[in-house]
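Q: I have a model open and want to go through chain B. Can you take me through it in plain terms?

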Amino acid sequence: MSKVIAVTAFAAFACISAALAGPTPAPNGAYAYIGYPNNGQVVPANKPFRVWFGLRYMGVAPKGVKYPNTGHHHLLIDTDLPPLDQEIPSDRQHLHYGAGQTETTIELPPGKHTLQLLMGDENHVPHNPPVYSKKITVIAK
Amino acid sequence: MRTTIMLAVVGALVLASAQVCADPSPSPPGAQEYIIWPPDGAVITGGKLWVRMGLRNMGVCPKGVDVPNTGHHHLLIDTDLPPMDREIPSDRQHLHFGAGETDARIELPPGKHTLQLLLGDHNHVPHNPPVYSKKITITVK
């Protein structure tokens with residue numbers, strides 16, 4: 001009986017973990033980071049400032065390009081991570097860099113804002129395990 | 001005499017067509033490559049460092065994949081720019097990042113070293129016009 005429960009629990013766990021990530025494997029140790037601005041940094045409000053996309057132990061490829069251990073950057077603004085087993089939304093809070101860009105400039109209204117990077121595969125779906133940066137806060141003044 | 005002229009014409013045609021075949025990928029206006037880190041004149045202790053490779057107004061794409069306005073990074077160490085009309089050499093002074101990497105882990109012996117980035121197209125040939133960074137000098141202690 002306990003064996004059955006264990007097997008069921010394992011199966012349930014396997015289903016859950018499968019549902020938490022997309023189908024493209026990410027290499028071991030891969031991570032994204034925001035090279036600039038720094039966490040807590042004050043940036044000019046309503047003026048363009050640069051955001052650097054950092055990526056280690058993985059490469060960049062434009063959308064639609066299937067190449068092992070690559071993906072393209074998505075910048076999440078003032079939002080949490082989206083579901084990690086589906087295509088990343090494309091809107092003003094989820095900016096896509098499908099041309100293989102590794103930096104951008106954005107403008108933010110005054111106030112506190114969060115920034116986070118999330119890699120997507122050739123179909124804009126996060127990898128397994130998902131590759132994302134720490135969420136940082138910047139203050140636009 | 002006539003034969004000589006014919007040969008010269010044929011020779012010129014062969015040369016011209018060779019050049020057409022070797023036509024590099026165009027780079028978009030404003031494309032710029034630069035070394036984000038280390039800064040020019042940096043002193044590095046220990047000789048192991050990450051070089052963060054920056055690219056503006058253009059995207060990164062792995063080798064062998066032909067996507068307009070993209071390329072992959074090459075890090076030149078202690079050497080000048082190679083010929084711009086052919087494949088970038090691949091050796092210890094010309095490191096290829098054909099998997100779309102944007103951060104490079106390198107190790108250098110003590111002393112002064114120069115670093116320079118040169119973007120290559122899907123065939124490892126520089127673009128037209130070529131996209132390369134300023135050459136910087138760092139010191140390893």
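**Chain B, step by step**

A: One point on contacts to begin with: in chain B, among contacts with a separation of 6 or more, 66% join residues 24 or more positions apart. Keep in mind that this is a predicted model.

Q: What are the ipTM and pTM of the model?

A: The ipTM is 0.83 and the pTM is 0.84.

Q: And what is the mean pLDDT of chain B?

A: Chain B has a mean pLDDT of 89. A pLDDT of 70 or more is reached by 84% of its residues.

Q: Where in chain B does pLDDT stay under 50?

A: Over residues 9–21 of chain B. For that stretch the model has zero contacts beyond four places in sequence.

Q: OK, secondary structure. How many helices and strands are there in chain B?

A: Chain B has one helix and nine strands. Along the sequence the helix comes before the strands, in the pattern α-β-β-β-β-β-β-β-β-β.

Q: How much of chain B counts as buried?

A: The figure is 28% of the 141 residues of chain B.

Q: Now the sheet with E1, E3 and E7 of chain B. What is the strand order, and is the pairing parallel or antiparallel?

A: The order is E1-E3-E7 in chain B, and the pairing is antiparallel. These three strands make an open sheet.

Q: Why is one side of E1 and of E7 in chain B left without a neighbour in the sheet?

A: Strand E1 (32–37) and strand E7 (103–107) of chain B are at the edges and have a single partner strand each, so one side of each has no neighbour in the sheet. As for the angle, neighbouring strands of this sheet are turned by 30° against each other on average, direction ignored.

Q: How many bridges hold E1(B) and E3 of chain B as a pair?

A: Five bridges, in the antiparallel sense, between E1(B) and strand E3 (residues 48–56) of chain B. Within E3(B), B:Arg56 is the residue opposite B:Gln32.

Q: Switching to the contact with chain A. How many residues does it take from each chain?

A: It takes 18 residues from chain A and 18 residues from chain B.

Q: Which elements of chain B give two or more residues to that side?

A: E3 and strand E4 (59–60) of chain B do. E3(B) gives the most to the side touching chain A, with four residues.

Q: And how do the residues on that side of chain B divide into nonpolar, polar and charged?

A: On the side of chain B that touches chain A, eight are nonpolar, six polar and four charged.

Note on methods:
Residues are numbered from 1 along each chain as its sequence is written. Chains are lettered from A and ligands numbered from 1 in the order in which they are written. This is a predicted model: local features need pLDDT of at least 70, side-chain atom pairs count only at pLDDT 80 or more; totals for chains, interfaces and linings use all residues. pLDDT is the predictor's confidence in each residue, from 0 to 100. Two residues are in contact if their C-beta atoms, placed from the backbone, lie within 7 Å. Two strands pair if DSSP finds at least two bridges between them. Axes are lines fitted to C-alpha atoms, for helices over the stretch in contact, and angles run from 0 to 180 degrees between N-to-C directions. Ala, Val, Leu, Ile, Met, Phe, Trp, Tyr, Cys and Pro count as nonpolar, Asp, Glu, Lys and Arg as charged, and the others, Gly among them, as polar. A residue is buried if 20 or more other C-beta atoms lie within 10 Å of its own, exposed if 12 or fewer, and partly exposed in between; C-beta atoms are placed from the backbone.
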